[in-house]
Amino acid sequence: MKSITFAVSKGGVGKSLITANVGAALAKKGKKVVLVEGDPNQPLQKILGLNFSSKNLKFEDIVQKDMEINRAVYNTDIDNLFLIPSGVSLQSYFEIDPVSFARKLSSLKTDFMLIDVPFPLGKAAFLSLGVCEYFIPILTEDEFVLCVESAIDTIRLGKYFLKSTPLGFILNRIKTPKKFTEEFVKDLEDLLEIPCITKIKEDLKVSKSYGEVGSKKAFLAYNKLRKSEFAEKIDGIATWLLTKIPKAEKKDAVKLLQEITKPSKL
Ligand SMILES: Nc1ncnc2c1ncn2[C@@H]1O[C@H](COP(=O)(O)OP(=O)(O)OP(=O)(O)O)[C@@H](O)[C@H]1O
Ligand SMILES: [Mg+2]
């Protein structure tokens, strides 16, 4: 299983949108993909148009009652794409049990697991980066300096503390493509010490993914806007993940979480 989180300590950059769409693209290419909803606002459920009742088991039930994880893995409308819903924020698993969180997710049998993280990242970073072998920061043109600072912080935390490998970064919501010249991107690659996976333009149709004003209809842009440049870029990210991921040492997420959460001797 390859576990990835599109994490960065900056809100509104497109983490949830890219998680859902890349998941769908990987599934379309024949891989089994499980998405993990880590945000209590349930953006993945909204985009995928899924509704769960209180009777449906959620991830927190599995962790609290020590149940088999597959009982909270649900089909979506897309073949090969599954979702683990959650009604609480990732931070709440610190009250539930972070080690069980890691243990349950590590027991999943799938090709790809993608965890969506809420903003602010905070403690959620410890769980998402602690559990995932890989992560991909996303930066936007708006508040670019803040995005770069967030990416540097997240890369430092992930790489050196939580043993998660930063694969590359995505530039999303680009409004002025001419600003992002090859030279500019190269400098950014040198600064962050990871490659730029792709640049995605701001697309008004895509921004309605969570539902247009006055209507509650959310949609998966990768499917609905099949011929768009956005869908093409999402496809490119999926291909990149299938062909470019370096071999990483197998990560023992449970052990790592045990170490991190063990009470300090001081
Ligand atoms: N390429 C894009 N073109 C247009 N709009 C986009 C694009 N990417 C993301 N958006 C829009 O940006 C907003 C934020 O996206 P999203 O919720 O996925 O970000 P996020 O990083 O998950 O946010 P949060 O930190 O709140 O979880 C949404 O309204 C989404 O539709
Ligand atoms: Mg989000």
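In this predicted model, helix α1 packs against helix α10, residues 229-244, at an angle of about 65°, and their axes are 9 Å apart. The crossing of α1 and α10 is right-handed. If you would like to find the contact on screen, look for N21, V22, A25 and L26 on the α1 side, which meet I234, D235, I237, A238 and L241 of α10. By class, the contact of α1 with α10 has 7 nonpolar, 1 polar and 1 charged residues.

Helix α1 is a good guide to what comes next. Besides meeting α10, α1 lies across three strands, β2 (33-37), β4 and β5 (112-116), and runs at about 165° to β5. Helix α6, residues 122-131, also packs on the sheet: α6 touches β1 (2-5), β5 and β6 (134-135), and its direction makes about 150° with that of β1.

Now for the sheet itself. Seven strands form an open sheet with mixed pairing, in the order β3-β4-β2-β5-β1-β6-β8. Its edge strands are β3 (74-75) and β8 (165-166), each of which pairs on one side only. Starting from the β3 edge, β3 and β4 (residues 81-84) pair in the antiparallel sense over 2 bridges, and Y74 stands opposite L83 in β4. Further along the order sits β5, with β2 and β1 as its neighbours. Strands β2 and β5 run parallel and are joined by 5 bridges; one place to see this is V36, whose bridge partner in β5 is I115. Strands β1 and β5 also run parallel, joined by 4 bridges, and here K2 has F112 as its bridge partner in β5.

How well covered is β5, and on which faces? Of its 5 residues, 5 are buried, so by the criterion of 20 or more other C-beta atoms within 10 Å this strand is mostly covered. In a regular strand the side chains alternate between the two faces of the sheet. In β5, F112, L114 and D116 lie on one side, M113 and I115 lie on the other, and all of them are buried, so both faces are covered.

Stepping past the end of β5 brings you into the loop between β5 and α6, where V117 has its place. V117 counts as buried because it has 27 C-beta neighbours inside 10 Å. Leaving aside residues up to four places away in sequence, V117 touches T5, A7, K15, G38, L90, A124 and S128. V117 and G11 are 106 residues apart in sequence, yet their C-alpha atoms are 9.9 Å apart in space. The loop between β5 and α6 also holds P120, and the peptide bond that joins F119 and P120 is cis, with omega about 0°.

G11 and F119 lead us to the ligand. Around ligand 1 there are 21 residues, and the closest are G11, G14, L17, F119 and S207. The elements that give two or more residues to this shell are α1 (15-28) and β9 (169-174). The largest share, 3 residues, comes from α1, the helix that packs against α10. Sorted by class, the shell has 9 nonpolar, 7 polar and 5 charged residues.

Strand β9 takes us to another sheet. This open sheet has 3 strands in the order β7-β9-β10, with parallel pairing. Its edge strands, β7 (138-140) and β10 (196-201), each pair on one side only, and the twist averages 20° from one strand to the next. Between β7 and β9 there are 3 bridges in the parallel sense, and L139 stands opposite L171 in β9.

Two backbone details are worth a visit before you leave. Q42, in the loop between β2 and α2 (43-48), has a phi near 55°, a positive value in a residue other than glycine. K163, in the loop between α7 (144-161) and β8, also has a positive phi, near 55°, and is likewise a residue other than glycine. Are these two residues buried or partly exposed? Q42 is buried, because 20 other C-beta atoms lie within 10 Å, whereas K163 is partly exposed, because its count within 10 Å is 18 other C-beta atoms.

Note on methods
Residues numbered from 1 in each chain as written. Chains lettered and ligands numbered in written order. Predicted model: local features only at pLDDT ≥ 70, side-chain atom pairs only at ≥ 80, totals over all residues. Near = placed C-beta within 6 Å. Nonpolar A, V, L, I, M, F, W, Y, C, P; charged D, E, K, R; others polar. Pairing = 2+ DSSP bridges. Axes fitted to C-alpha atoms, helices over the stretch in contact; angles between N-to-C directions. Left-handed = near helix turned anticlockwise from the far one by under 90°. Contact = placed C-beta atoms within 7 Å. Buried ≥ 20, exposed ≤ 12 C-beta atoms within 10 Å, placed from the backbone.
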